[in-house]
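Subject: Structure for you to look at

Dear colleague,

I am passing on the structure below, and would be glad if you could read the notes that follow with it open beside you.

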Amino acid sequence: MHKEACLSSSSSADYAGIGLQLGSLERRTSEPASGIISVATSFGRAVVAHRVPEADAETWAAGLRHQANDHRYYELTHEALQDQFSHYYLLLKDSAGVTRAIQPFFTVNQDIVLGMPGFITRIIQKIRVRFPSFLKFRILMVGCSAGEGQLAPGGGADDLWVVRALGEALPHVAQKLKTELIVFKDFPKANRPRLDHLNGFSFRRISSMPATLLELNYKNFDHYFETVLSAKMRKDLRRKFRKAATGLPITMEVVRDITPFIDEAFPLYEQVVRKSKLKFEVLTKPYFTALGQKMADKAFFLVWRREGRMVAFNSCIGHQGVLRDNYVGFDYTMALEYHLYFVSRRDIFSWAIENGYHTYYSAPLNYDPKLHLRQKLSPLDLYVRTTRAWLNPLFHRVLPLMEPTRYDPIIQRFPNANELL
């Protein structure tokens with residue numbers, strides 16, 4: 001995750017990288033020598049693999065077939081981010097040895113203090129003078145290393161069977177991988193009816209930093225502009241758009257494969273990363289190039305140019321009428337002066353409406369302008385427990401202090417902030 005750097009007095013560069021909102025990434029340590037772990041369970045067996053066996057390829061694809069980030073997305077993040085995370089696949093097998101679901105997960109070293117208020121971090125830093133590793137954990141994270149988590153039922157399993165199987169198997173797997181925490185990372189609110197069953201396995205739910213969305217039931221951008229935004233916001237945007245229109249025009253184009261332009265685009269992404277206070281995943285050139293090549297039916301890039309020079313881009317996925325706006329790059333030599341953030345929002349909304357999208361979905365962070373643009377929160381959840389059963393009762397008491405949303409006052413101003421609970 002990258003804390004967004006300011007683009008104007010009321011906005012910032014969106015979601016350079018998103019993920020667990022509890023801290024910053026450290027390089028992975030060496031994994032156990034064994035490439036495969038097998039755990040006996042009441043439902044059969046849980047097997048950890050570095051790759052999905054060819055015999056289970058159909059089950060793997062079926063489990064995520066209806067998700068925006070399908071199995072191809074997990075595979076490309078596995079390849080592109082393998083220097084930052086150790087990726088695995090947990091094969092959940094029934095008593096007959098049939099793989100009924102394959103759940104992706106990864107391990108990472110995490111400092112869970114970064115992102116907390118200054119008075120807390122100052123106290124922790126004093127403690128770390130004597131105990132340097134205090135509140136730094138090796139974590140097993142269920143989900144995706146570059147995006148939201150999803151359950152991956154397949155082979156005849158349903159979501160609830162998968163949840164219960166994970167709840168039973170993961171503590172044993174985590175101990176063998178020498179991790180200290182287990183986290184279901186950034187699972188959308190719609191999963192709560194199933195994932196809340198993890199409470200029976202000593203997990204507790206807290207809010208992650210939410211995504212946002214805007215329903216695009218408007219004739220065009222002007223219709224949205226005039227009927228949704230406040231008079232103050234309309235006046236401010238008109239001023240910004242007039243400034244952006246001075247001099248040479250800023251134009252937008254849609255690119256399916258960013259590969260021919262990656263040497264222009266990637267430095268813009270790196271600018272956003274450098275300005276970010278918090279980081280989780282740091283994307284790579286192979287990530288962006290693989291996205292368009294392996295997911296050409298869903299992935300695309302919106303690119304802004306001024307006099308032929310790329311000044312901004314957004315990495316998007318379109319799925320079932322939802323435009324998912326995931327990662328961004330900006331040229332900071334002109335982003336402030338020409339209000340590129342708001343220009344890009346105007347162009348994205350316009351393009352999405354014209355192309356039949358019913359919802360615009362934006363990844364976490366940068367909440368102030370999203371509040372004024374009348375987007376709604378789309379809650380994402382973390383389910384967390386330690387690998388030590390005896391420690392969980394105490395850990396559950398302090399876990400609310402680690403909930404990242406409690407430290408962002410702007411989030412509480414959204415009209416549906418109560419949905420985070």
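A residue is called buried when its relative accessible area is under 20%, exposed when it is over 50%, and partly exposed in between (1.4 Å probe, protein chains only). Because its relative accessibility is 9%, Met 402 counts as buried. Met 402 is placed in the segment after helix H12 (392–398), where helices are DSSP runs of H or I with at least four residues, numbered from the N terminus. The C-alpha atoms of Met 402 and Ser 207 are separated by 9.5 Å, although these positions lie 195 residues apart along the chain.

Please bear in mind that this is a predicted model, in which local features need pLDDT of at least 70 and side-chain atom pairs count only at pLDDT 80 or more, while totals for chains, interfaces and linings use all residues. Residues are numbered from 1 along each chain as its sequence is written, and side-chain values use heavy atoms, with hydrogens and water left out.

Turning to the interior, the largest nonpolar core has 52 residues, a core being a set of buried Ala, Val, Leu, Ile, Met, Phe, Trp, Tyr and Cys residues joined through side-chain atoms within 4.5 Å. The largest share of this core, six residues, comes from H8. Among the residues with the most contacts inside the core are Tyr 73, Phe 288 and Leu 291. Leu 291 touches (heavy atoms within 4.5 Å) residues including Tyr 73, Leu 76, Phe 301 and Ile 317, not counting residues up to four places away in sequence.

With best wishes

Note on methods. Helix = DSSP H or I, 4+ residues; strand = E, 2+ residues; numbered from the N terminus.
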